Amino acid sequence: MNESYERSRYLVIKNNCHTSKYKNSSVIKIDIAMTNKCNFICPYCYEKKIVNKNLTIGNDCNEYIQKLKKYTLNSISSATKTLEVVFYGGEPLLEKEIMTNINNAFIDINNSTGVEYKSVI
Ligand code: SF4
């Protein structure tokens with residue numbers, strides 16, 4: 001299994017897990033695991049067991065961002081008022097540039113659909 005596939009799979013699993021329960025809601029929530037890498041050592045960390053796997057979305061993810069955008073657009077219905085995105089990890093800021101690109105894709109969705117877009121880290 002190549003590394004790129006591992007990264008995509010990691011992200012997709014997290015997305016699907018968190019969007020499915022909000023189907024037909026006025027709010028679509030998407031939690032995006034940018035990476036499970038982290039430069040902290042919090043004693044309460046529940047990610048400790050997987051942090052060392054070093055999974056990350058990576059720089060070669062433009063195709064994936066387009067798929068994420070399409071997936072999100074397909075999830076929007078006439079009932080949708082708000083799109084809420086959580087960027088998390090690990091430490092999501094370790095993938096700041098990619099996070100900005102994903103953020104821009106959601107801003108495009110906001111501009112084209114009028115659905116309010118909120119994001120947090
Ligand atoms: S993943 Fe979160 S909880 Fe774990 S060490 Fe990093 S910042 Fe702390």
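Two residues are in contact if their C-beta atoms, placed from the backbone, lie within 7 Å. This is a predicted model, in which local features need pLDDT of at least 70 and side-chain atom pairs count only at pLDDT 80 or more, while totals for chains, interfaces and linings use all residues. Residues are numbered from 1 along each chain as its sequence is written.

**Exercise 1. The chain as a whole**

Task: find what share of the contacts with a separation of 6 or more comes from residues 24 or more positions apart, and state which pattern the chain follows along the sequence.

Solution: Among contacts in the chain with a separation of 6 or more, 69% are made by residues that are 24 or more positions apart. For the pattern, helices (H or I, at least four residues) and strands (E, at least two) are taken as DSSP runs, numbered from the N terminus. The chain has four helices and three strands, and read along the sequence they follow α-β-α-α-β-α-β.

**Exercise 2. The sheet**

Task: work out in which order the three strands form the sheet, and which strands are at the edges.

Solution: Two strands pair if DSSP finds at least two bridges between them. The three strands form an open sheet in the order 1-2-3 with parallel pairing. Strand 1 and strand 3 (116-120) are the edge strands, each pairing on one side only. From one strand to the next the twist averages 15°. Seven bridges join strand 1 to strand 2, and five join strand 2 (residues 82-88) to strand 3. Individual partners can then be located: Ala 33 stands opposite Tyr 88 in strand 2, Val 85 stands opposite Ser 119 in strand 3, and Glu 84 has Lys 118 of strand 3 as its bridge partner.

**Exercise 3. Buried or exposed?**

Task: decide whether Thr 35 counts as buried or exposed, do likewise for Lys 29, and then sort the side chains of strand 2 by face.

Solution: A residue is buried if 20 or more other C-beta atoms lie within 10 Å of its own, exposed if 12 or fewer, and partly exposed in between, with C-beta atoms placed from the backbone. Thr 35, in the loop between strand 1 and helix 2 (48-51), counts as buried because it has 25 C-beta neighbours inside 10 Å. Lys 29, which lies in strand 1 (residues 27-33), is partly exposed because 15 other C-beta atoms are within 10 Å. In a regular strand the side chains alternate between the two faces of the sheet. Along strand 2, Leu 83, Val 85 and Phe 87 point to one face and are buried, while Thr 82, Glu 84, Val 86 and Tyr 88 point to the other and are not.

**Exercise 4. The core**

Task: name the residues that touch the most other members of the largest nonpolar core.

Solution: A nonpolar core is a set of buried Ala, Val, Leu, Ile, Met, Phe, Trp, Tyr and Cys residues joined through C-beta atoms within 7 Å. The largest one has 15 residues, of which Ile 32, Met 34, Val 85, Phe 87, Ile 98, Met 99 and Ile 102 touch the most other members. Strand 1, strand 2 and helix 4 each supply at least two residues of this core. Leaving aside neighbours within four places in sequence, Ile 102 is in contact with Ile 32, Ile 65 and Leu 68.

Technical notes:
Axes fitted to C-alpha atoms, helices over the stretch in contact; angles between N-to-C directions.
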